[in-house]
Amino acid sequence: MKHPVRTVLILAIPLQWLSLKALSFFPDIVENYYAQGIYTYLSKGLRFSFGALHFSLGQLLFYVGFLYVIIQLIRFSRAIKKNRNQRKKIFTNGLLNAISYFSIIYLLFNTLWAVNYHREPLQQTFNLALEEPNANALKELCETLIERTNKSRTLVINSANNWQDYSLTNDSLFRHAVSSYREASHSYPILKYEVASIKAVALPKIMSYAGIGGIYFPFTGEANVNTDPPLFKLPFTTCHEMAHQLGFASETDANFVSYLVCSTSTNPLFNYSGNLAAMRYSMSALYRSDSTAYVYLTKQYSPELVSDLDINKAYWKQFESPFEDISHSINDVFLKANGQSEGIRSYGKMVDLLLAHFKQQQRP
C-alpha cells in the first residue's frame, strides 16, 4: 500500500471514532436520519443483493478473511526470519499496513451498521416507562410468563418427548419468521420487514462450540442462524437476528423486539419460543434478586417445560469448552466497545423492557 494512502487511512481511525462519539450525543438525529433513513436503504440494498444466494456469503467471507490473515502472518514471520537486518523495517511496514486495512473495515462497519448503536433508546420508541426494578413486579412478571409458556407449549405438541417428530425445515422457519414480522408490524409499524435475507450457517456445530445461536453480518446484511440447537430455540434466535437487520443494534433491544414478534405471531412454535426466552431471562433476574421466590416458581413449570429445559441444557453441555469462554469474552469486549456498557449481560437487560411493556398493557 502506498504511503500517502496508508497515512490517510491511519489518520481516519481516530476521526471515525470521534465522529461516532459526537453522534452519540444526538440520538434523535441518528434515529431520524440514519436508523430510519440512510440505514434502511443500505440494509435493504444488501439484502436484495445477497438474499437470493443459497449460502451465507458473510460466513464465507469470514472464513476466507480468517484464512487470509493466517497466511499473511506466516509470510510475515518468514520475511522477518529471512531478512534479519531489516526486521524493524519489515515489522513496522507490516503493522502499518494492517492498521490501514483495519481502517477500511472499520469505515465500512461504521457506515453500514455501527451508527445504529447510538439511535434513540427502544423504550422511547415504544413509549415504555422504565422504572427501578421492583421485586414484586418481577415476581408477577415471572408468574405470568410461566403461565403463558406452559400454555403455549401445549399448543405446539402435547407430550414432553416428541420434538423429534416435529418437522420444520429451515426454509419454513424463515418464512414463518418473515410472516411473524409482517403480523407484528400491524401493531408496531417500525417492525416492518422487507426483502428477506436469512441464512442457516454451514458448520453450525462450530458456532455451538462458541456458544453462538446466531450472528448478523453487517457487510452483507445477512441474518445468520445456527439451526443445530433445539427447535424451540430457533424462532426467537431468528427473529433476534432479523431485528438487527432492522437496525436494532443493542442486544437488549433485539431481544425485546424478538419477543414482541414471537408473542404476536399466529404460529404456536414462535409463541412458545418467545415466551420461553422471555421467561428464562426474567427467571434469571429473579434468581439474582430473590432465590427463594425463584425456587418456588420453578415448581409451576409444566412437565413438558421441564423436559424442554433439560433438552436445552443437555445440548449446550456437550459443547462446553475453553473456546466458548473465549468467544464470550470477545463478544463482551465487542459490545462494550460499541457503547453497550453491560457487555454480554445486555442480553438479559430486556427484562427491564418486559416489565415496562407488561405494565403498559395493564393500563386501562
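Reader: Why is E194 called partly exposed?

Author: E194 has 29% relative accessibility. Buried means under 20% relative accessible area, exposed over 50%, and partly exposed in between (1.4 Å probe, protein chains only), so E194 counts as partly exposed. This is a predicted model: local features need pLDDT of at least 70, side-chain atom pairs count only at pLDDT 80 or more, and totals for chains, interfaces and linings use all residues. Residues are numbered from 1 along each chain as its sequence is written, and side-chain values use heavy atoms, with hydrogens and water left out.

Reader: What makes K192 exposed?

Author: The relative accessible area of K192 is 53%, and exposed means over 50%.

Reader: How do you know that K192 and E194 meet in a salt bridge?

Author: A salt bridge is a side-chain nitrogen of Lys or Arg within 4 Å of a carboxyl oxygen of Asp or Glu. For K192 and E194 the N to O distance is 3.4 Å, so the pair meets the definition. K44, K192 and E194 are linked in a network of salt bridges. The whole structure has seven salt bridges.

Reader: What makes K205 and D228 a salt bridge, and which parts does the pair tie together?

Author: Their closest N and O atoms are 3.2 Å apart, against a limit of 4 Å. K205 lies in helix α8 and D228 in the loop between β3 and α9, so the pair ties together parts 23 residues apart in sequence. Helices (H or I, at least four residues) and strands (E, at least two) are DSSP runs, numbered from the N terminus. K205 is partly exposed at 45%, and D228 is partly exposed at 23%.

Reader: Why is E120 said to have no salt bridge?

Author: The nearest side chain of opposite charge, R119, is 7.3 Å away, and a salt bridge needs 4 Å. Lys and Arg count as positive and Asp and Glu as negative; His and the chain ends are not counted. E120 is buried.

Reader: How do you know that α13 has the span of a helix of 15 residues?

Author: The expected span is 1.5 Å times one less than the number of residues. For α13 (residues 303-317) this gives 21 Å, and the end C-alpha atoms are 21 Å apart, which agrees.

Reader: Why are the buried residues of α13 said to line one face?

Author: Seen down the axis, they fall within an arc of 160°, so they line one face of the helix. The arc is that of the directions from the helix axis to the C-beta atoms. Among these buried residues are E304, L305 and Y315. The face turned away from the buried side carries the exposed residues P303, K313 and K317.
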